Each structure stands twice: as structure tokens, then as C-alpha cells.
Amino acid sequence: MQQTGIVKDTRCAIKRADVKAYNSTDLSHPNTDEKLSAAEVEITRSSSCGENCASCGLCPGRTAKVYAINDINAEIGDTVIIDMADGKVLGAAFLVYIVPLIILIIGYFAGYAVFNSEALGIIIGFLFMAVAFIVIIRVDRKIRRKYTPHIVSIVNKGTEI
């Protein structure tokens, strides 16, 4: 998935050990504490949410800041294209949206089967879902490196600061 944005800061750095290469293979380098060049990129969202402002909070014209690996030495003010593989975006969406829903349903049926009560089934389902979110937050810290975007090209050299 590609998105265009403007580089706002190039003094960022990410540890090599915390990032996987763009082609989904590990960066093979003996010094995993080495800092990789990264940039803070401000992106303007398109209407990917169907222009329903309440659904995403990032309607057209609103911006978000992301950190991206800056292998091509983009400078502040450059308009760049950042990219993250579609499969990774879909995997992250599945992890955040679908897994908790599945856990909620499993919790409901488990609670209903054990206690033979719909109310307790609902409560157990929501407890399971809360635990699922806690686990997802902890797992996110470990797998975040797979979801780091990369700057793939400079569209326009700029001077905006």
C-alpha cells in the first residue's frame, strides 16, 4: 500500500534490530544496535474510509505522522512515497479487528456452555475480548518491526520546513 507524504523530520533513527527489510527478509548485519536512518513523514489521508468522518477521524485534509525507513536520504520538505506491503496491512487489520471478534464469540459460547446463562455468556465473552486486546498490545511490541513502512521514492524535492 503506497501513500504520499511530506518529510517533516530526518533526525529520526530506528535500531536495525527493530526493523525487517522491505522485502520481508531480515536485515543481515552484525551490528543490530546500529541506527537506521528514518524520517517522520506527514501524510494526508485520502477518502479510504468512505468519507465517513466518524469512522476513522482522518478525513481528507487531515494529516497523520508516521515513521518510515529513509534508505534514499529524503530531506525535510521532500514529497515522498512511503510503502508497506499490502499483506502486512491486511495482517495487521486482521489482528486488530477480526481476532478480538472471534475471541468474543468463543468467550460467549464458552460462558453460555459452562453457566447456561446468556448474561454470563456475554460477560465472559467481553472478558475474553479484553484479554485478547491485552495480548495483542503485548504482541504488537514484538512484531511492530514487520509493519515499518519504507520511503521508496522522492516525488518532488521541496523546501517546506
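Buried means under 20% relative accessible area, exposed means over 50%, and partly exposed lies in between (1.4 Å probe, protein chains only). The model is predicted, so local features need pLDDT of at least 70 and side-chain atom pairs count only at pLDDT 80 or more, whereas totals for chains, interfaces and linings use all residues. Residues are numbered from 1 along each chain as its sequence is written, and side-chain values use heavy atoms, with hydrogens and water left out.

**Exercise 1. The overall layout**

Find how many helices and strands the protein has, and the order in which they run.

Step 1. Helices (H or I, at least four residues) and strands (E, at least two) are DSSP runs, numbered from the N terminus. The protein has three helices and five strands.

Step 2. Reading from the N terminus on gives β-β-α-β-β-α-α-β.

Step 3. Now for the totals: 29% of the 161 residues count as buried. With contact meaning heavy atoms within 4.5 Å, take the contacts between residues at least 6 apart in sequence: 72% of them join residues at least 24 apart.

**Exercise 2. Thr4 and its surroundings**

Place Thr4 in its element, classify its accessibility and list the residues that it touches.

Step 1. Thr4 sits in strand β1, which covers residues 2–15.

Step 2. Its relative accessible area is 40%, so Thr4 is partly exposed.

Step 3. Leaving out residues up to four places away in sequence, Thr4 touches Ile43, Thr44, Thr79, Val80 and Ile81.

Step 4. Glu42 is 38 residues from Thr4 along the chain, and their C-alpha atoms are separated by 8.7 Å.

**Exercise 3. The largest nonpolar core**

Identify the members of the largest nonpolar core and the strand that gives the largest share of it.

Step 1. A nonpolar core is a set of buried Ala, Val, Leu, Ile, Met, Phe, Trp, Tyr and Cys residues joined through side-chain atoms within 4.5 Å. In soluble globular proteins, nonpolar side chains tend to be buried together.

Step 2. The largest such set has ten residues in all: Val7, Ala39, Val41, Ile43, Ala64, Ala68, Ala74, Val80, Ile82 and Ile151.

Step 3. At least two residues of this core come from each of β2 (35–44), β3 and β4. The largest share, three residues, is that of β2.

**Exercise 4. Aromatic rings in α2**

Count the aromatic pairs and work out the geometry of each.

Step 1. Rings of Phe, Tyr and Trp (its six-membered ring) pair if their centres lie within 6.5 Å; planes under 30 degrees apart count as stacked, over 60 as edge-to-face and the rest as tilted. That rule gives two aromatic pairs.

Step 2. For Tyr108 and Phe109, the ring centres are 5.2 Å apart and the planes stand at 70 degrees, so this pair is edge-to-face.

Step 3. For Tyr108 and Tyr112, the centres are 6.1 Å apart and the planes are at 20 degrees, so this pair is stacked. Tyr108 and Tyr112 are four residues apart in helix α2 (residues 86–115), and therefore about one helical turn separates them.

Step 4. The ring pairs join Tyr108, Phe109 and Tyr112 into a cluster. Tyr108 is partly exposed at 23% relative accessibility, Phe109 is exposed at 51%, and Tyr112 is partly exposed at 36%.

**Exercise 5. How α2 meets α3**

Describe the packing of α2 and α3 and the residues of their contact.

Step 1. Axes are lines fitted to C-alpha atoms, for helices over the stretch in contact, and angles run from 0 to 180 degrees between N-to-C directions. Here the angle is about 145 degrees and the axes of α2 and α3 are 7 Å apart.

Step 2. The contact of α2 with α3 has 18 nonpolar residues, four polar and one charged. In this count Ala, Val, Leu, Ile, Met, Phe, Trp, Tyr, Cys and Pro are nonpolar, Asp, Glu, Lys and Arg are charged, and the others, Gly among them, are polar.

Step 3. Asn116 lies in the loop between α2 and α3 (118–143). Asn116 has a positive phi of about 50 degrees although it is not a glycine, and it is exposed, with a relative accessible area of 62%.
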